[in-house]
Amino acid sequence: MALRRFNSRLLYKYVLSYAVILLLPVMMVGFFVYQYFIQLLEEEVTRSNLNLLSQVKENVDTKMTELHNIAFHISGNPRLTPYQVTKNPFTELDTISQLRNYVSANTFISNFLLYFHGHNKVYSPYSTYDAAGFTDKIYRFEEWDPEQFQRDINAAFLPYVRASENVRTATGGLERYISYIMPIGPNQSDSFGTVVYLINENRFKELIKKKFEETRGNTLILDEKGELITSSRLMDPGEADLLLSQLHADGRERSTLRFEGRTYFVFQDKSDKFGWTYMTLVDKDTVMQKVEDAKNHTFYALLLLLLIGSILIFFATHMNYKPIRMLKSWPTVK
């Protein structure tokens, strides 16, 4: 009986030692595979988001270039000079018809205005309006009152953009619009008028959402001064300023950011043509959930491998140990 107990103890000792020998390489392989997977996933997330940002940038640059081209053609159109447009009421009808040609195939623009410095009217592809009452009766901007509107369109000498803001339209609907103001004339220092493009914010968001899936993150477009133009998820300028101050804290760029209780990966791309910055924030927990899922799958796979390996070791050891057991139980000849 004691001999049998000794034999069983020796068998289990061998099984345990072989199981440990199996466990060590399995753990090492699992650790290195996991670390490699994390690195690979981070590189893929970086590459994918930078590529998507680049596509958004190129799409927006293309749309904004079209607006510049429209303004260029308007400034060179002899039927759209201050003298020709204001000559008589019939030429105003021709002005509307001319402007309509520029937007007939352009779905990016909701509306646009042509204004000549020192005049009291603005012209659109649909009608003419009193300049003093346009932002009071036709498009009621939340932060662009009639006096400021007239000052801005009279003093525009460089293209600039107004960030997205609430606008009450003539039909009573409330929407958000981005305004792009461009001077027209022989050169920037000798402009004779201004073109104001009114773009529904949803047009920009559609360009973003075509590339970025709905995740717990945000994509921002900033102007050349670093001020917020629009974002895929509603964010007011105060939030954007706080975000940017945290992002550029200590005078260095950050690849991750803790903001409003969550941690984000930060990716940026800048337009060489217009100087706008495109930034996307990707929720780290969303990305790392894939890593956690992979880690769990890897752990269960290794555990199953260890279990199967231990069972195989036990039976293999039991079979190999059988001759020794038989030899030990053989009667000793005196």
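In which helix is the place of Leu 50? The legends below describe close-up views of a predicted model, and the opening view gives the answer.

**View 1. Leu 50 in helix H1 and its spatial relation to Tyr 278.** Leu 50 has its place in helix H1, which covers residues 2-75. With a relative accessibility of 35%, Leu 50 counts as partly exposed. Although Leu 50 and Tyr 278 are 228 residues apart in sequence, their C-alpha atoms are 9.8 Å apart in space.

**View 2. A salt bridge within helix H1.** The side chains of Arg 47 and Glu 44 meet in a salt bridge, with an N to O distance of 2.6 Å. These residues are 3 positions apart in helix H1, so about one helical turn separates Arg 47 from Glu 44. Glu 44 has a relative accessibility of 40% and is therefore classed as partly exposed. A search of the whole structure finds 10 salt bridges, and the pair formed by Arg 47 and Glu 44 is one of the salt bridges shown in these views.

**View 3. Strand S5 and its pairing with strand S4.** Strand S5 comprises residues 160-169, and 7 of its 10 residues are buried, so the strand is largely enclosed by the rest of the structure. Strand S4, formed by residues 139-141, runs antiparallel to S5 and is joined to it by 3 bridges. Within this pairing, Tyr 139 stands opposite Thr 169 in S5.

**View 4. The hairpin of strands S5 and S6.** Strand S6 spans residues 174-184 and pairs with S5 in the antiparallel sense over 7 bridges. The two strands form a hairpin with 4 residues between them. In the turn, Gly 172 has a positive phi of about 95°. Two opposed pairs may be followed in this view. Arg 162 stands opposite Ser 179 in S6, and Tyr 160 has Ile 181 in S6 as its bridge partner.

**View 5. Strand S6 and its pairing with strand S7.** Strand S6 is mostly covered, with 8 of its 11 residues buried. It is joined by 8 bridges to strand S7 (residues 193-200), and S6 and S7 run antiparallel. The bridge partner of Ser 179 in S7 is Leu 198. Ser 179 in S6 also stands opposite Arg 162.

**View 6. A salt bridge within helix H6.** Glu 206 and Arg 203 meet through their side chains in a salt bridge, with an N to O distance of 3.9 Å. Both belong to helix H6 (residues 201-209), where they lie 3 residues apart, so their separation is about one helical turn. Glu 206 counts as partly exposed at 40% relative accessibility. Arg 203 is also partly exposed, with a relative accessible area of 29%.

**View 7. A salt bridge between strands S11 and S12, and a salt-bridge network.** The side chains of Arg 262 and Asp 283 meet in a salt bridge of 2.9 Å, N to O. This pair links distant parts of the chain, with Arg 262 in strand S11 (residues 262-270) and Asp 283 in strand S12 (residues 277-283), 21 residues apart. Asp 283 has a relative accessible area of 1% and is buried, because the limit for burial is under 20%. Elsewhere, Arg 176, Glu 201 and Lys 205 are joined into one network by salt bridges that share partners.

**View 8. A negative surface patch.** Glu 224, Glu 227, Asp 236 and Asp 241 form a negative patch on the surface. Among them, Asp 241 lies in helix H7, which is made of residues 237-247.

**View 9. A nonpolar surface patch including Ile 311.** Leu 304, Leu 307, Ile 308, Ile 311, Leu 312 and Phe 315 make a nonpolar surface patch of about 600 Å². One of these residues, Ile 311, is found in helix H8 (residues 284-328). Is Ile 311 buried or partly exposed? Its relative accessible area is 42%, so Ile 311 is partly exposed.

Terms used. Residues numbered from 1 in each chain as written. Predicted model: local features only at pLDDT ≥ 70, side-chain atom pairs only at ≥ 80, totals over all residues. Heavy atoms only, no water. Patch = residues over 30% accessible without salt bridge, like charges linked within 9 Å, V, L, I, M, F, W, Y side chains within 5 Å. Areas by Shrake-Rupley, 256 points an atom, 1.4 Å probe, with all protein chains shown as cover. Salt bridge = Lys/Arg side-chain N within 4 Å of Asp/Glu carboxyl O. Lys, Arg positive; Asp, Glu negative; His and termini not counted. Charge placed at Lys NZ, Arg CZ, Asp CG, Glu CD. Buried < 20%, exposed > 50% of the residue type's maximum accessible area, 1.4 Å probe, protein only. Pairing = 2+ DSSP bridges.
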